[in-house]
Amino acid sequence: MVICKSPKELEKMYQAGQIVWGALEKMRTIVRPGISTKELDEFAEAFTAEHHARPAFKGYRGYPGSVCTSINQEVVHGIPSSKRKVREGDILSMDFGVELDGYFADAALTVPVGKVAPERQKLLRVTRESLEQGIEKIRPGNRLGDVSSAVQQWVEKNGFSVVREFVGHGIGTKMHEDPQVPNYGSAGQGARLQEGMVLAIEPMVNTGGPGVRILEDDWTAVTTDGSDSAHFEHTVAVTAKGPWILTRPREASGPCW
Ligand code: MF3
Ligand code: CO
């Protein structure tokens, strides 16, 4: 069952979203060669406490961190560690969510560490653009498949593949609500979007094949072929006027990250 939110509830989710956005924007500025993923996790944790929110991932199904930090061939759910330091040329995905006053927001981006190879720059650009393509389809009357298909088409047109094993999701008073939002599908298919629905759209894109496997830590997803992977996500509300990205400032314009 898909739960539609009232304007007042959307406003609460927007407040949660601003904390997620603020943390990720700050984290992208402190990423540099030599920083450990644990330091980023500690930053997010402190930032969240200062803003009287709760890190949504911590303790979720036993997840030990506040942020998911996934490097290069890691797709999602990398666990922050003091032993894991990023290096010049790496790409680092940071996925973060909070709960504020009973409402959730969830977002992610992938950043270059120093100067990165052109193929990696392209991967980051195409994945971000695929999220933007999906967001553009967020309006009442469109179908879920319009969103999924827009993401997939953009990725595949650019020679990359979308991960099938993980999907986006509805979000609200729980981090994961109906419906699932796959990053592949057919335009014109699936549930109709209605005012008040809120979707976390989160393309995960590999430069090689779409396959992933889980490491021994039971969390970290990596590409089976060792190719690079990127992840971008926003929490987006369906409004009469079109998409409202709750995980960035209202007045923002231009690229979504
Ligand atoms: N953005 C991810 C999701 O929607 C983050 C979950 S990580 C977990 O599932 F640790 F909380 F599982
Ligand atoms: Co999510």
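# A guided tour from strand S2 to the cobalt site

Begin by selecting Ser-70, which has its place in strand S2. Before going further, keep in mind that the model on your screen is a predicted one. With a relative accessibility of 2%, Ser-70 counts as buried, because buried means under 20% relative accessible area.

Now widen the selection to strand S2, which covers residues 67-71. Are its residues mostly covered or not, and how many of the five are buried? Five of the five residues of S2 are buried, and the strand is therefore described as mostly covered. In a regular strand the side chains alternate between the two faces of the sheet. With that in mind, look at S2 from both sides: Val-67, Thr-69 and Ile-71 are buried on one side, while Cys-68 and Ser-70 are buried on the other, and both faces are covered.

Next, add strand S4, residues 91-100, which pairs with S2 in the antiparallel sense over five bridges. Within this pairing, the bridge partner of Ser-70 in S4 is Ser-93. If you also select Phe-166, you can compare two kinds of distance, for Ser-70 and Phe-166 are 96 residues apart in sequence and 14 Å apart in space, taken from C-alpha to C-alpha.

## Past the end of S2

Move along to Asn-72, which has its place in the loop between S2 and S3. Display its backbone angles, and you should find a phi near 55 degrees, which is a positive value in a residue other than glycine. Is Asn-72 buried or exposed? Its relative accessible area is 12%, so Asn-72 counts as buried, the limit for that word being under 20%.

The loop leads to S3, and here it is worth selecting three strands together, as they form an open sheet in the order S3-S12-S11 with antiparallel pairing. Strand S3 (74-76) and strand S11 (212-214) stand at the edges with a single partner strand each, so one side of each has no neighbour in the sheet. From one strand to the next, the twist averages 40 degrees. Looking closely at one pair, you will find S3 joined by two bridges to strand S12, residues 221-223, with the two strands running antiparallel. Glu-74 stands opposite Val-222 in S12.

## Helix H2 and the loop after it

Select helix H2, residues 37-50, which has 14 residues and reaches 20 Å from its first C-alpha to its last, close to the 20 Å expected at 1.5 Å a residue. Then colour Thr-37, Leu-40, Asp-41, Ala-44, Phe-47 and Thr-48, which are buried residues in H2. Why do these residues fall on the same side of H2? They cover an arc of only 130 degrees around the axis, and this puts them on the same side of the helix.

In the loop between H2 and strand S1 (54-55), select His-52. His-52 has a positive phi of about 60 degrees, although it is not a glycine. His-52 counts as exposed because its relative accessibility is 70%, and exposed means over 50%.

## A five-stranded sheet

Now select five strands, which form an open sheet in the order S8-S7-S9-S14-S15 with antiparallel pairing. At the edges stand S8 and strand S15 (242-245), each with a single partner strand, so that one side of each is left without a neighbour in the sheet. Neighbouring strands of this sheet are turned against each other by 30 degrees on average, if direction is ignored.

Zoom in on S7 and S8, which run antiparallel and are joined by three bridges. His-169 stands opposite Gln-180 in S8. While you are in strand S8, residues 177-181, find Pro-179, and check the peptide bond from Asp-178 to Pro-179, which is cis with omega near 0 degrees.

## The cobalt site

Finish at the cobalt ion (ligand 2), whose protein donors are Asp-106 (OD), His-169 (NE2), Glu-202 (OE) and Glu-233 (OE), lying 2.1 to 2.2 Å from the ion. Along the chain, the donors follow the spacing D-x62-H-x32-E-x30-E. Asp-106 lies in strand S5 (residues 103-112) and His-169 in strand S7 (residues 168-170), so this pair ties together parts that are 63 residues apart in sequence. Both Asp-106 and His-169 are buried. Finally, the site is irregular, with angles of 67 to 172 degrees among its six donor atoms.

Terms used
Residues are numbered from 1 along each chain as its sequence is written. Chains are lettered from A and ligands numbered from 1 in the order in which they are written. This is a predicted model: local features need pLDDT of at least 70, side-chain atom pairs count only at pLDDT 80 or more; totals for chains, interfaces and linings use all residues. Side-chain values use heavy atoms; hydrogens and water are left out. Donors are N, O and S atoms within 2.8 Å of the metal (3.2 Å for Na, K and Ca); water is not among the atoms, so sites may look incomplete. Four donors count as tetrahedral if all angles lie between 85 and 135 degrees; four count as square planar and six as octahedral if opposite donors are over 155 degrees apart and all others between 65 and 115; anything else is irregular. Helices (H or I, at least four residues) and strands (E, at least two) are DSSP runs, numbered from the N terminus. Buried means under 20% relative accessible area, exposed over 50%, partly exposed in between (1.4 Å probe, protein chains only). Two strands pair if DSSP finds at least two bridges between them. Axes are lines fitted to C-alpha atoms, for helices over the stretch in contact, and angles run from 0 to 180 degrees between N-to-C directions. The expected span of a helix is 1.5 Å times one less than its number of residues. The arc is that of the directions from the helix axis to the C-beta atoms.
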